[in-house]
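Got your viewer open? Here's a short walk through the structure, one selection at a time.

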Amino acid sequence: MIGSIYGLIAMGYSLIYSASGLLSFTQGELLMFGAFLGLTFYKYANLPFVISITLTIAIMFMVGVFIESFIIRKLVKAKANLIFIVLATIALSIVLKNFAMLVWGSNVFQFPQIFKTGFVKIGDVNVDPTSIMAIVIAFIAMLILHFFMNKTRFGTSMRAAAQNPLAAKTMAINVSRTTYVTWGLASALAGIAGFLIGPVYGVHLEMGTMIGLKGFAAAVIGGYGNMYGAIIGSFIIGLVETFTAAYISSIYKDVISFLVLIAFLILKPRGIFNSKVYDEE
Amino acid sequence: MEKTTVLKVEDLDYKYGSIHALRGISLEVNEGEIVALIGGNGAGKTTTLRCISGLLDAPESGNISFYGESIVKQKSDKIAARGIMQVLEGRHIFSKLTVKENLSLGAFNRQADYASTLQYVYTLFPVLKEREQQEGGTLSGGEQQMLALGRALMSKPKLLMMDEPSLGLAPIIVRNIFEMITKINKDGTTVLLVEQNSKAALNIADRGYVIESGRIILTDTSNNLLNNEEVKKSYLGEK
């Protein structure tokens with residue numbers, strides 16, 4: 001299940017990188033924000049599950065659009081050095097965390113049970129139905145995104161604008177729009193991840209930090225900027241964690257995951273899908 | 001009968017920071033014409049085209065009108081949607097998208113007659129039909145130029161602007177591309193052609209402008225320019 005959550009986050013990183021060549025470190029905190037929104041709608045406003053997740057996706061999409069339109073675009077237009085834009089996203093993640101603390105406080109919140117039934121037996125293993133739901137929804141989200149990017153005119157224009165913004169402009173494509181939609185989608189994916197993981201691990205201010213970093217590691221392993229690589233990388237990180245926890249100790253699962261990242265950076269920096277991560281000579 | 005003016009550029013001044021790239025450029029393109037803009041490297045040809053298509057910031061001064069309406073401060077996507085298509089220097093195809101996806105993006109803003117326009121492009125360039133499922137980046141240079149041209153035609157442009165279509169191509173391919181530009185023009189598309197290969201451009205153009213250091217220094221019919229001693233010496237490589 002955790003692999004699919006990393007997948008949603010990693011796809012967000014890849015989308016943003018492919019669309020604007022930027023690295024955004026807000027993905028983890030956006031996940032946390034999505035989880036708190038989901039909690040608010042589902043637990044406190046008592047809205048049905050489908051409406052709660054739909055509202056969360058819609059608001060998170062708008063948050064992503066806002067971040068691109070009012071912060072990132074201004075920095076890019078002012079020709080800010082890339083490193084400062086990355087720093088701005090880190091600053092933004094701190095702002096998001098503090099904003100969440102002001103609104104929701106710093107306690108750990110429990111999501112109400114989504115399924116009234118207990119564990120589901122698959123073979124000899126008991127599985128939490130919430131985890132199954134999370135995997136299914138994450139998988140559906142990935143499929144929808146794949147369909148949107150490859151089979152719709154707007155999605156194709158987004159891929160085109162990401163590859164060659166200058167040429168896209170001459171094709172009557174509004175590149176500003178494709179860019180903010182991309183940031184909106186990345187934020188919505190993080191929101192979905194937060195909503196799905198909240199019922200399993202609880203909702204708190206720090207929940208996004210490690211997941212955000214692991215999602216980043218997954219995106220690098222898959223081939224930074226490649227959406228499908230991000231999914232593969234996520235399942236690799238998810239499997240590494242699961243096997244480490246099962247056969248070594250859960251204490252080491254983070255360290256081994258990041259060692260895998262370092263190994264990839266040294267031995268295969270372009271990731272599984274051979275993305276361009278270094279400037280060409 | 002007087003021809004309709006498609007594009008009118010008046011006293012256009014453009015600066016890249018402190019570099020004065022265009023100094024009072026004026027030119028006109030009438031309906032049904034091929035107009036060539038020739039000049040050396042760095043003369044301001046590409047800057048002129050990019051000012052027209054809105055790819056650069058607004059110029060210092062001057063006006064650009066398309067069918068009588070000013071487009072000078074409009075965004076590039078709005079200008080393209082009006083019917084001005086530019087084939088960029090260096091082709092700029094979407095290398096990771098298939099040939100068919102590239103072509104479909106040419107018609108991003110214009111879905112009417114999509115199938116018949118695609119058929120027209122495939123008739124002009126049969127190789128694109130053969131390779132429609134291949135990624136654009138796998139095509140040869142000549143094929144990429146055909147794709148860039150075909151993609152621009154997918155929008156049924158009212159004005160097609162081509163920036164150095166012969167750049168880096170073998171002579172036989174260049175001949176083929178220029179034949180196609182002539183055909184496209186005969187089929188009803190007005191063309192503004194920017195070229196360093198001045199002879200090839202003037203051979204197919206009705207009129208021409210010579211640009212030097214950001215200024216138009218000469219304008220005439222193509223035949224007169226081809227026979228002008230100064231042009232022959234400076235731009236056609238003749239002594």
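Start by picking G54(B): this glycine comes after helix α1(B), and its phi is positive, near 75 degrees. Bear in mind as you go that this is a predicted model.

Now step back and select residues 45-52 of chain B, which make up α1. Is this helix buried or exposed? Eight of its eight residues are buried, so the helix is largely enclosed by the rest of the structure. Click through them and you'll meet K45(B), T46(B), T47(B), T48(B), L49(B), R50(B), C51(B) and I52(B), buried each time.

Next, show both chains. Here 21 residues of chain B are in contact with 15 residues of chain A. Which elements should you color on the chain B side? Go for α2 (76-82), β6 (84-87) and α3 (99-106), since each supplies at least two residues of the side that touches chain A. That side of chain B divides into nine nonpolar, nine polar and three charged residues.

Last stop: select 141-153 in chain B, helix α6. With 13 residues, α6(B) reaches 18 Å from its first C-alpha to its last, close to the 18 Å expected at 1.5 Å a residue. Eleven of those 13 residues are buried, so α6(B) too is largely enclosed by the rest of the structure. Among the buried ones are E143(B), M146(B), G150(B), R151(B) and L153(B).

What do the buried residues of α6(B) pack against? Turn on β6, α3, α4 (114-124), α5 (126-130), β7 (159-163) and α7 (171-186) of chain B to see the partners. You've already colored two of these, β6 and α3, for the side that touches chain A.

How values were computed: Residues are numbered from 1 along each chain as its sequence is written. Chains are lettered from A and ligands numbered from 1 in the order in which they are written. This is a predicted model: local features need pLDDT of at least 70, side-chain atom pairs count only at pLDDT 80 or more; totals for chains, interfaces and linings use all residues. A residue is buried if 20 or more other C-beta atoms lie within 10 Å of its own, exposed if 12 or fewer, and partly exposed in between; C-beta atoms are placed from the backbone. Helices (H or I, at least four residues) and strands (E, at least two) are DSSP runs, numbered from the N terminus. Two residues are in contact if their C-beta atoms, placed from the backbone, lie within 7 Å. Ala, Val, Leu, Ile, Met, Phe, Trp, Tyr, Cys and Pro count as nonpolar, Asp, Glu, Lys and Arg as charged, and the others, Gly among them, as polar. The expected span of a helix is 1.5 Å times one less than its number of residues.
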